[in-house]
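User: I'm new to this structure and would love some guidance. Could you take a close look at its charged side chains, and then show me the setting around them?

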Amino acid sequence: MIDQVASIGKWTLEKCSQVGRAGHFLYLALPLGWDLGPALHRVVKQVYNLGVLSLIIVLVAGLFVGMVLALQGYNILVGYGSEEALGQMVALSLLREFGPVVTALLFAGRAGSALTAEIGLMKTTDQLSAMEIMGVDPMRRIMAPRLWAGFIALPMLAMLFNLVGIYGGALVAVDVLGVYEGSYWANMQSAVDVQDDLLNGLVKAFVFGLVVTWIAVYHGWNSEPTSEGISRATTMTVVQGSLAVLGLDFVLTAVMLGGF
Amino acid sequence: MNQTISESDFDCKNFVSVRDMSFYRGDRAIYDSLSLDIECGKITAILGPSGTGKTTLLRLIAGQLVPDSGSVTVAGLEVSKLNRQSLLALRKRMSLLFQSGALFTDMTVFENVAFPLREHTTLPKHMIRDLVMLKLEAVGLRGVAEQMPQSLSGGMARRVALARSIALDPELIMYDEPFTGQDPISMGVLVKLIRSLNDALGMTSILVSHDVEEALSIADYVYVVSEGRIIGQGTPEQLMKDSNPDVHQFLYGEADGPVPFHHPAPKTLKDEVLTYD
Amino acid sequence: MKLRTLEISVGAFMLAGMLALVLLAFKISGLSYKDRTNTYTLYARFENLAGLTNRAKVSMSGVTVGRVVNIVLDTEDYVAVVEMAIQNGVPLSTDTSASILTSGLLGEKYIGLSVGADDEVLLAGDEIEDTQSAIVLEELIGQFLFSRSE
């Protein structure tokens, strides 16, 4: 009996130290260094890897999510005779929740796992070690650009997701379901507030961007230098990144809506 | 205040000195009061069975790891006591060639070799270009300068990594298992390069390997390490005559000896095969 | 991947993202440069708001002419005081009436204005005197039942 309690305590302490290590890692990995010219160029290269290469999956997903929202929303609202509220329903759902969250989940799966695998491979083939012994800090050179790139890229992706989703919803609403085009857009405009909805969604996207990229880079850095180690690290990135996004989403939403 | 000793001050006898060094991983002692010297200008081989932590020793010398006790001195400076700047300065004077080459996969061969030059010098572009070409020529691979590391064979990748290691003309170069998994021709090329680079550039070389034949063919001095301790040392000729059975078994590749052929098993063979439960 | 192509695509990506943000702000959130500055404030008191919220429309003949920007409770008279931002180009006579109406069956509450016949117009900070509170269903039913029982 005492053994079980002790093992729970040990597990908790270990989790705490893991979080602490991850936090310390973030502190070490964030600074880009003084040489801003090349550093910026490295960030740009990573924005390509993380952002541009994730575009297609994000846009396609956005389109489908927007269209489904329109379908489902119409189904519910038509029972109250309030189809003209469809526009604001789709827009609000996307801007506040689906945009940042779904984009972040997709990002964790596509960009996050790629990041972890890439860094894990660099660790396994001693590239990180070699760099360090050659007197170049791999944190500045490899980790920092990726962290900053993820932080910037995710919000851009989320906005594009939102846009495509709203227009996709409009497509379904107006052309398929027969909602009057004017009311789709006009009601949306009056119901959506730049600050409460758009800005909050944007803030969420920035937070998710930082957290998902942080988890991805950390697991790559920390992976065991074997192929099983890398595959395990990649899985952890996707699982932990996704759960972190959902958990943070709850916290952020509660704060934004309820003003705790 | 300034910790670096200029090269003229340092009267080179032993480039690296390890004294009573112990290093633990968890409870396991990787090294237990190890002492050895690496003479300047010579190729010193460190031999031993796989997994005894030979790579760890190289990392200790390079300052990536810190010993739990004892000292590691490189070029007169104790590595674990150096601050960041001094360690960086020392690292420019040494290089480590990893087993896998460790070429950066997102850069071309040229960019890989140019990397240390771009990082640590402010030489103009055309000079860097010339230097890179010279280094690649020294290893015979000037022709692949624009290729990516992934398209090279293992042996070629290792040679490119060697070119990268000599980019800054280091005083000490360490080879981690350079012969492992090489075909006879690549092996021959590497052996030739290690010897000629050492002599032509006046470098000190440390060779870590479990490939006895090749290592003994070019080493000036050899240490045989097992279980964290030195079990034999001397010139290749001296070692081949060493009467220590551990050394003998390792050097001659004997299947049975102090390291037994049979792994301990709970029952005797007779009990295993002839008794029925 | 050539350097220039990479840089161009990243630049395009960032531009697209920011353009999306701007589009979302203007087209979808209805952010308008005019709205914020060219309005004047009017007040109205209601006994029962019944669900009128901040940012609700203020419209006249179906055209949106302003927004509700603030709602407070007057603790002396126990009525709701609604602050509205009305667009500058809309003059309202001093006998304008304001009613709280519902748009659609499930729709939100909004304030509908009806102009009167006076020559004078309301100025910034004035109060609309003639107000009609929201129709609360329960009260209506109560009235109906009460009148029927007589």
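Analyst: Happy to help! One cut-off comes first: a residue is called buried under 20% relative accessible area and exposed over 50%, with partly exposed covering what lies in between. B:Glu78 counts as partly exposed because its relative accessibility is 26%. Please keep in mind that this is a predicted model.

B:Glu78 is a good place to begin, as its side chain meets that of B:Lys81 in a salt bridge, 3.2 Å from N to O. With 57% relative accessibility, B:Lys81 counts as exposed, whereas B:Glu78 is partly exposed. Why can such pairs form? Side chains of opposite charge can pair when their charged atoms come close. Over all chains, the structure holds 21 salt bridges.

Another pair in chain B is formed by the side chains of B:Asp220 and B:Arg195, again with 3.2 Å from N to O. This pair connects distant parts of the chain, 25 residues apart: B:Asp220 lies in the loop between helix 7 (212–218) and strand 9 (221–226), while B:Arg195 belongs to helix 6 (residues 184–200). B:Asp220 is partly exposed because its relative accessible area is 25%. B:Arg195, at 23%, is also partly exposed.

Next comes a pair that takes us from one chain to another. A:Asp126 and B:Arg59 meet through their side chains in a salt bridge of 3.4 Å, N to O. The pair crosses between chains: A:Asp126 sits in the loop between helix 4 (86–124) and helix 5 (127–133) of chain A, and B:Arg59 in helix 1 of chain B. A:Asp126 counts as buried, since its relative accessible area is 16%. Its partner is also covered, as B:Arg59 is among the buried residues of helix 1 of chain B, together with B:Lys54, B:Thr56, B:Leu57, B:Leu58, B:Leu60, B:Ile61 and B:Ala62. In fact, 8 of the 9 residues of that helix (residues 54–62) are buried. Just after the helix comes B:Gly63, with a positive phi of about 85°.

What happens to a charged side chain without such a partner? B:Arg159 is a case to look at: this residue is buried yet has no salt bridge, and the nearest side chain of opposite charge, B:Asp183, is 8.3 Å away. You can find B:Arg159 in helix 5 (residues 154–165) of chain B. Leaving aside residues up to four places away in sequence, B:Arg159 touches B:Val139, B:Gly140, B:Leu141, B:Val189 and B:Leu193.

Let's move on to chain C. Here C:Arg45, C:Asp74, C:Asp77 and C:Glu127 are linked in a network of salt bridges. Elsewhere in the chain, a patch of negative charge on the surface gathers C:Asp95, C:Asp118, C:Asp119, C:Glu120, C:Glu129 and C:Asp130. One of these, C:Asp118, is placed in the loop between strand 6 (109–114) and strand 7 (127–128). At 39% relative accessibility, C:Asp118 counts as partly exposed.

Chain C also has a patch of another kind. C:Ile135, C:Leu137, C:Leu140, C:Ile141, C:Phe144 and C:Leu145 make a nonpolar surface patch of about 640 Å². C:Leu145 belongs to helix 3 (residues 137–148) of the chain, and counts as exposed because its relative accessible area is 52%.

Finally, here is the wider setting. Chain C has 3 helices and 8 strands, in the order α-α-β-β-β-β-β-β-β-β-α from the N terminus on. Chain A, by contrast, has 9 helices and 0 strands. Of the 260 residues of chain A, 51% count as buried, while in chain C the share is 33% of 150 residues. Carbon and sulfur atoms supply 70% of the roughly 11700 Å² that chain A exposes. As for its charges, chain A has 13 positive and 18 negative side chains, with the centres of the two sets 13 Å apart.

How do the chains meet? There are 2 pairs of chains in contact, and chains A and C share the most contacts. Chains B and C do not touch, and their nearest C-alpha atoms are 11 Å apart.

Note on methods:
Residues numbered from 1 in each chain as written. Chains lettered and ligands numbered in written order. Predicted model: local features only at pLDDT ≥ 70, side-chain atom pairs only at ≥ 80, totals over all residues. Heavy atoms only, no water. Helix = DSSP H or I, 4+ residues; strand = E, 2+ residues; numbered from the N terminus. Buried < 20%, exposed > 50% of the residue type's maximum accessible area, 1.4 Å probe, protein only. Areas by Shrake-Rupley, 256 points an atom, 1.4 Å probe, with all protein chains shown as cover. Lys, Arg positive; Asp, Glu negative; His and termini not counted. Charge placed at Lys NZ, Arg CZ, Asp CG, Glu CD. Patch = residues over 30% accessible without salt bridge, like charges linked within 9 Å, V, L, I, M, F, W, Y side chains within 5 Å. Salt bridge = Lys/Arg side-chain N within 4 Å of Asp/Glu carboxyl O. Contact = heavy atoms within 4.5 Å.
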